[in-house]
Amino acid sequence: MTSIDQSNGHPSFAIVAAVNDEIVLKRNLAHSPMVVSGTAPLLTYRNQPSAAIAYNQGLSDTQSDYVIFAHQDVYLPKTWTQKLTKTINHLNKHDPDWAVLGAFGLNQSGRPVGRLWSSGSGREMGEPLSEPVPVVTMDELVIVLRRASTISFDKNLPNFHLYGTDIVLSAQANGRTSYAADLPVVHNSTPVLSLWGGYEKSYRYMQKKWGDKLPLETLIVPVEQNISRLRIAQFKLFLSRKKRLDRRVPNSTDPVSLARKLGYEV
């Protein structure tokens with residue numbers, strides 16, 4: 001199963017994003033030093049039916065050693081490239097079968113690991129990690145895929161939800177491992193206010209696909225055989241709508257200032 005990268009400590013990167021808001025993209029992801037400096041080309045895909053389809057196209061359109069799939073409203077701080085390279089070199093040395101890397105997820109005990117700033121939640125989430133931690137699911141805001149792992153996204157997974165859980169499970173099914181590491185980012189997001197529509201469709205697809213592995217941990221609500229937990233979560237979101245809107249930080253906030261204030265840029 002083990003495969004070897006040819007990067008010799010100097011990995012090549014590409015960044016892929018599904019885009020529906022040019023202003024948000026320009027203010028955040030496209031403003032990241034990794035993009036501005038030309039360290040990693042930014043490939044953007046518009047009018048795509050799902051994240052998986054957009055991301056697989058991005059995976060086909062680049063030959064970089066590592067492909068970073070990021071939300072358009074994510075800012076990658078100035079030191080992020082160095083942190084990412086250090087983490088990759090560590091994993092290649094200690095676990096050559098790894099496939100997926102993220103900034104935030106749940107460990108094997110179901111506990112959150114990693115850190116990020118979320119404007120939608122109005123706070124920093126998580127805490128620094130001294131080394132990468134294996135995860136069973138990860139936040140979709142930024143996912144790094146190791147090309148040598150030969151893992152890709154499920155083109156049949158609908159919409160733009162739960163592909164973080166799905167890619168980790170797909171890696172596991174192929175004997176590959178997934179990690180969260182200390183790769184803090186600024187997520188200039190909006191609050192999650194509903195789990196109806198697209199989220200529920202993704203949830204039901206995951207129920208069928210991974211039926212023999214249920215329940216599945218996710219960062220919002222576990223995927224279970226019975227839909228009741230999702231219904232309860234949907235109702236709680238409805239009740240807490242005003243509170244969630246009140247505590248958000250405007251997603252137009254300058255991500256560079258936020259990164260510096262949080263110590264993500266030094």
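Helices α6 and α7 run roughly antiparallel to each other (a label for angles over 145 degrees), and therefore make a good place to start. This is a predicted model, in which local features need pLDDT of at least 70, side-chain atom pairs count only at pLDDT 80 or more, and totals for chains, interfaces and linings use all residues. Residues are numbered from 1 along each chain as its sequence is written, and side-chain values use heavy atoms, leaving out hydrogens and water.

**The helix pair**

The axes of α6 (residues 198–209) and α7 (residues 228–239) come within 12 Å and cross at roughly 160 degrees; these axes are lines fitted to C-alpha atoms over the stretch in contact, with angles from 0 to 180 degrees between N-to-C directions. Helices here are DSSP runs (H or I, at least four residues), and strands are E runs of at least two, numbered from the N terminus. In α6, Tyr199, Glu200, Tyr203 and Arg204 meet Leu230, Arg231 and Gln234 of α7, where contact means heavy atoms within 4.5 Å. By class, this contact has three nonpolar, one polar and three charged residues; Ala, Val, Leu, Ile, Met, Phe, Trp, Tyr, Cys and Pro count as nonpolar, Asp, Glu, Lys and Arg as charged, and the others, Gly among them, as polar.

**Backbone details in loops**

Here are two spots to look up in the structure.

| Site | Backbone value | Loop |
|---|---|---|
| Leu214 and Pro215 | cis peptide bond, omega about 0 degrees | Pro215: between α6 and α7 |
| Thr150 | phi near 65 degrees | between β11 (142–146) and α5 (163–173) |

The phi of Thr150 is a positive value in a residue other than glycine.

Technical notes:
Angles under 35 degrees count as roughly parallel, over 145 as roughly antiparallel, 65 to 115 as roughly perpendicular and the rest as oblique.
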